[in-house]
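Let's take a walk through this structure together. Have a look at it first, and then we'll go through it piece by piece.

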Amino acid sequence: MGNVVVVGSQWGDEGKGKIVDILAREADVIVRFQGGSNAGHTVVTPRGTFVFHLLPSGILSRGKHCVLGSGVVIDPGALIAELDQLAERGTKVGRNFAISQRAHLIMPYHKAIDKAAEKAKGARRIGTTGKGIGPAYVDKMARIGIRVGDLINPERFREKVESNLVEINGFLRHVHGTRGFTAGRICEEYLEYGQRLAPYVTDDSLLIHKAMENGRRVLFEGAQGTHLDVDLGTYPFVTSSNACAGGACTGGVGPTKIDAVLGVTKAYTTRVGSGPFPTELSDEVGSGLQERGQETGATTGRARRCGWLDAMVLRYAVRVNGCTALAVTKLDVLDEVSELKIAVGYRFQGKLYREMPVDLQVLENCEPVYETLPGWAGTTTGVTNYKALPVEAKNYLRRIEALTACPVSIVSTGSHREHTIMLDNPMMYTRSRGARSRMGVSGAVASRRRLPRGEASRLTTIRPVVSVTTKAE
Ligand code: GDP
Ligand code: IMO
Ligand code: MG
């Protein structure tokens with residue numbers, strides 16, 4: 001019961017780290033299920049700010065098990081650096097940490113290929129983080145990947161590295177004109193990492209299964225976001241893993257074990273790297289959001305592109321993830337914006353799109369159709385009580401619920417833990433799992449914990465507030 005998947009519903013950096021850190025208090029096990037050190041999840045605590053790239057954001061909560069699942073691609077050097085930095089800041093990781101034996105390793109040649117491929121693409125580059133993510137997943141699918149389990153078997157590891165380098169060095173030298181790698185050097189470095197990480201290596205599927213059997217709550221932490229998912233995102237401007245909720249299940253946890261899916265959503269939209277972004281603002285409103293939201297990448301330090309909230313993006317995320325609730329973050333950043341816009345459709349070549357188009361050509365060239373809502377005169381910054389929000393801010397949240405047909409369970413009004421309005425804790429959400437009835441599946445009906453206050457259950461039919469305009473106007 002209470003097994004929850006947290007995903008980003010936009011293009012990453014929605015504030016997943018903050019939300020996972022908070023929900024971790026109610027969880028027993030926290031599992032990062034995909035991606036690698038391309039992620040940067042920020043957790044602000046009284047002890048200072050932590051940015052996690054690989055470690056689950058629940059690692060700061062005492063007495064919790066933290067797991068790197070089989071869908072994660074692990075740069076062992078980066079992981080050890082993160083563990084060491086954490087230890088220096090007073091959090092020692094021990095038996096509460098586990099790494100999947102099946103997780104694939106990021107090798108030095110993956111980073112070299114990532115950078116060389118981006119350079120070769122020129123103007124059509126993806127704008128990757130350069131962490132070797134894509135090439136590591138390519139090797140996994142090509143069945144030449146090297147897994148964490150291999151790292152603790154020196155003979156097998158050496159054989160695999162030597163065999164891979166025959167092809168990879170040829171590719172690097174002849175296609176990209178860069179230097180190759182020597183097996184000896186890689187083995188020396190990586191086998192040392194292996195010794196250090198060996199105590200944590202385990203069969204994560206079994207660990208999670210046993211935890212669930214014992215009634216423990218498991219929180220799955222997604223990295224990146226829905227629209228960066230390799231299958232469901234704005235391909236090819238995506239990452240190379242399944243960042244959507246389904247990705248939590250490819251690691252050996254069946255979909256029937258998941259109780260709830262929480263989509264984390266910024267109150268506006270950002271994107272790092274290349275790719276379509278229909279509501280992007282290149283004016284002073286966009287730069288205002290960038291500045292007030294401190295929208296600088298936690299991993300690469302690049303400025304994030306900023307724009308209006310896009311309900312097309314969110315509605316799609318709710319659909320493909322099966323979101324049971326949303327967490328809306330960074331509402332406070334909109335405090336000084338006098339008029340707010342939400343995209344509710346796209347117009348392209350005379351056609352009005354009401355659902356997220358699959359065709360990139362549409363996304364790259366469409367005009368968003370906007371609804372305009374009034375901003376608020378008061379402040380939401382640091383507000384911890386829903387009732388204390390300005391009425392316009394409540395209307396903005398209600399409009400998000402109506403446009404996505406998904407309730408908002410959490411509202412975040414600042415980067416600190418306490419700057420949070422918890423309307424309905426997703427960790428308390430359980431699905432009954434009764435036996436199949438002869439008439440159908442009786443147990444699959446979701447049972448939502450009743451909210452203490454009528455006000456919190458707010459899926460309403462609020463009207464579009466002011467007017468509908470297009471980008472050109
Ligand atoms: P993640 O990758 O989804 O975990 O998000 P990031 O950590 O990359 O980026 C989110 C940024 O916004 C971090 O700097 C957070 O500290 C910050 N943040 C999270 N929630 C809020 C909020 O409600 N208000 C403000 N102002 N900042 C927030
Ligand atoms: P978190 O978990 C935002 C983006 C990169 C690039 C594309 C592919 O912090 O939300 P990759 O290195 O994965 O091959 O890059 O994906 N990207 C992210 N953008 N947040 C992230 O993670 C991201 N991880 C990758 O900028 O456009
Ligand atoms: Mg981030």
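Keep in mind that this is a predicted model. Let's start with a helix: helix 10, made of residues 311-321, lies across two strands, namely strand 1 (4-8) and strand 11 (260-266). Against strand 11, helix 10 runs at about 160°.

Those two strands belong to something wider. Strands 1 and 11 sit side by side in an open sheet of ten strands, ordered 9-7-5-2-10-1-11-15-19-20. The pairing in this sheet is mixed. At its edges you'll find strand 9 (201-202) and strand 20 (420-422), each of which pairs on one side only.

Now zoom in on the strand 9 edge. Strand 9 runs parallel to strand 7 (residues 97-100), and two bridges join them. If you'd like a spot to look for, find Ser100, which stands opposite Thr202 of strand 9.

Next come the ligands. Which residues come nearest to ligand 1? They are Lys16, Gly17, Thr42, Ser412 and Ser415, out of 21 residues around this ligand. Two elements give two or more residues each to that shell: helix 1 (16-23) and strand 3 (41-45). Sorted by class, the shell of ligand 1 has twelve polar, six charged and three nonpolar residues.

Ligand 2 has its own surroundings, with 23 residues in its shell. Here the closest are Gly12, Ala39, Thr129, Thr239 and Gly273. As for the make-up of this shell, 14 residues are polar, seven are nonpolar and two are charged.

Notes: Residues are numbered from 1 along each chain as its sequence is written. Chains are lettered from A and ligands numbered from 1 in the order in which they are written. This is a predicted model: local features need pLDDT of at least 70, side-chain atom pairs count only at pLDDT 80 or more; totals for chains, interfaces and linings use all residues. Two strands pair if DSSP finds at least two bridges between them. Helices (H or I, at least four residues) and strands (E, at least two) are DSSP runs, numbered from the N terminus. Two residues are in contact if their C-beta atoms, placed from the backbone, lie within 7 Å. Axes are lines fitted to C-alpha atoms, for helices over the stretch in contact, and angles run from 0 to 180 degrees between N-to-C directions. A residue is near a molecule or strand if its C-beta atom, placed from the backbone, lies within 6 Å of it. Ala, Val, Leu, Ile, Met, Phe, Trp, Tyr, Cys and Pro count as nonpolar, Asp, Glu, Lys and Arg as charged, and the others, Gly among them, as polar.
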